Amino acid sequence: MTSEFSEKLLSWYDQNKRTLPWRDVGDAYAVWVSEIMLQQTRVETVIPYFQRWMTAFPTLADLANAPLEQVLRLWEGLGYYARARNLHKAAQQVQAKFAGQLPTDPPTLQSLPGIGRYTAGAIASIAYGQKAPILDGNVKRVLARVFNVGLPANRPSGTAALWQLSTDLLPDAAVGDYNQALMDLGATVCTPQNPTCLLCPVQSLCQAYRLQNQKERPVMIEKAPLPHYDVTAGIIWKDGRVLLAQRPPEKLLGGLWEFPGGKTEPGENLPDCLQREIREELACEIAVGTPIASIKHAFTHFRITVHFFDCQWVSGEPQALDCADWRWVALDALADYPMGKVDRIIAKQLAAEKLKRET
Ligand code: SF4
């Protein structure tokens, strides 16, 4: 069964593999960047980001030597910014500790920031041909169906069983192709909702197909609903420029710039919250004016609605009390500052309105 499974997958992959810009380029750095970008993100979204990234930082040394702000600006829109910060930090560590060569074995790869078991296995197998297993969402689905795994795939018991299967099934040769075949099969044939079993190369081995329980595999325990918070943010004007604050590096969206503000406290109204937050974060007094927009956004563990207000600076030279840095920024220069999705929407709106006024 083991070799039959890998043989069928490999011959299917030969004929059906997706053409992707990071494939078959023989560059471990490119494999690493693509695998980090692909976490939680669709292939079609990643392709243009990957191409821009490789133009800006063609080698690991280029990335290590780049300023973090440039790295974050290039990543902008992909979300989960810790991935970009970790790529940058890890590239610097590879330069310092491994003479610029990305390590070849999974345990050493896993010692680098942002590289977990899956990414280490992908780099080691795809770039270096090592016999290392992988397990992402696509692979979990394929293995849980073919081997009818009834343990929950998003709990430790199920994950451990699936990692074991992924390890036991590895062929002795062409491991990189085999792992990529598993990923491609999950992405294109054994899809979550309507797997095209009639075109599947491992249909004859698939227990879920035989039992017709594909929709019940993998078993997933439902997650609790995400908590929601109201957040305020101020477009604070002074002499035709607006105040931006840089988020502390260790916090969510660390290193990115934003229109300052923060989360409401129980019973607090939005303008009071904004005035308090600006006082605590930047030691300034502001007058809160009209609401501009309310934008919803979801992170991994919570959801927010950000309420933006037009504001005027009243007094107090800004001080970075609860932020990494601050600047008064002309609207034309907002595009130079890396920002999260929600703040970028407002920054673009402000720049567009200015352009309209001028034309
Ligand atoms: Fe997935 Fe269907 Fe193939 Fe089984 S036969 S692996 S359920 S596509």
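Helices are taken here as DSSP runs of at least four residues, numbered from the N terminus. On that basis, in what is a predicted model, helix α9 spans residues 137-146, and N148, just after α9, takes a positive phi of about 45 degrees. At the other end of the helix, D136 caps the N terminus of α9, with a side-chain oxygen lying 3.2 Å from the backbone nitrogen of N138. Seven of the ten residues of α9 are buried, so the helix is largely enclosed by the rest of the structure. The buried residues are V139, R141, V142, L143, A144, R145 and V146.

In soluble globular proteins, nonpolar side chains tend to be buried together. In this model, the largest nonpolar core has 64 residues, and those with the most contacts inside it are W32, W53, F259 and L334. Helix α2, which covers residues 28-38, supplies the largest share of this core, namely eight residues. A second core, separate from the largest one, has 35 residues and includes F5, L10, F147 and A153.

Aromatic rings were examined next. A search of the whole structure finds ten aromatic pairs. The rings of Y29 and W32 have their centres 6.4 Å apart and their planes at 65 degrees, so this pair is edge-to-face, the planes being over 60 degrees apart. Y29 and W32 are three residues apart in helix α2 and are therefore separated by about one helical turn. Y29 is buried, with a relative accessible area of 4%, and W32, at 1% relative accessibility, likewise counts as buried. The rings of W53 and F57, with their centres 5.1 Å apart and their planes at 80 degrees, also form an edge-to-face pair, and both W53 and F57 are buried. Elsewhere, ring pairs link F5, F147 and Y178 into a cluster; of these residues, F5 and F147 are included in the second core.

Two tryptophan rings are placed beneath basic side chains. The charged end of R117 sits over the ring of W163, at 3.8 Å from its centre, while K238 lies over the face of W313, at 4.5 Å from the ring centre.

Polar residues also occur at buried positions. In helix α2, which contains S34, this serine is buried, with a relative accessible area of 1%. When residues up to four places away in sequence are not counted, S34 touches W22 and F50.

A further case is D343, which lies in helix α14 (residues 341-358). With a relative accessibility of 11%, D343 counts as buried, because the value falls under the 20% cut-off. D343 and E258 are 85 residues apart in sequence, yet their C-alpha atoms are 5.9 Å apart in space. Leaving aside neighbours within four places in sequence, D343 is in contact with W257, E258, F259 and F308. In addition, the side chain of D343 reaches the backbone nitrogen of F259 at 2.9 Å. F259 is in turn one of the residues with the most contacts inside the largest nonpolar core, and the contacts of D343 with W257, E258 and F259 thus involve a stretch of sequence that includes a residue of that core.

Note on methods: Residues are numbered from 1 along each chain as its sequence is written. This is a predicted model: local features need pLDDT of at least 70, side-chain atom pairs count only at pLDDT 80 or more; totals for chains, interfaces and linings use all residues. Side-chain values use heavy atoms; hydrogens and water are left out. A nonpolar core is a set of buried Ala, Val, Leu, Ile, Met, Phe, Trp, Tyr and Cys residues joined through side-chain atoms within 4.5 Å. Buried means under 20% relative accessible area, exposed over 50%, partly exposed in between (1.4 Å probe, protein chains only). Helices (H or I, at least four residues) and strands (E, at least two) are DSSP runs, numbered from the N terminus. Rings of Phe, Tyr and Trp (its six-membered ring) pair if their centres lie within 6.5 Å; planes under 30 degrees apart count as stacked, over 60 as edge-to-face and the rest as tilted. A charge sits over a ring if NZ of Lys or CZ of Arg is within 6 Å of the ring centre and within 35 degrees of the ring normal. Contact means heavy atoms within 4.5 Å. A polar contact is a pair of N or O atoms within 3.5 Å; within protein, one must be able to donate a hydrogen and the other to accept it, and residues adjacent in sequence count only if both atoms are side-chain atoms.
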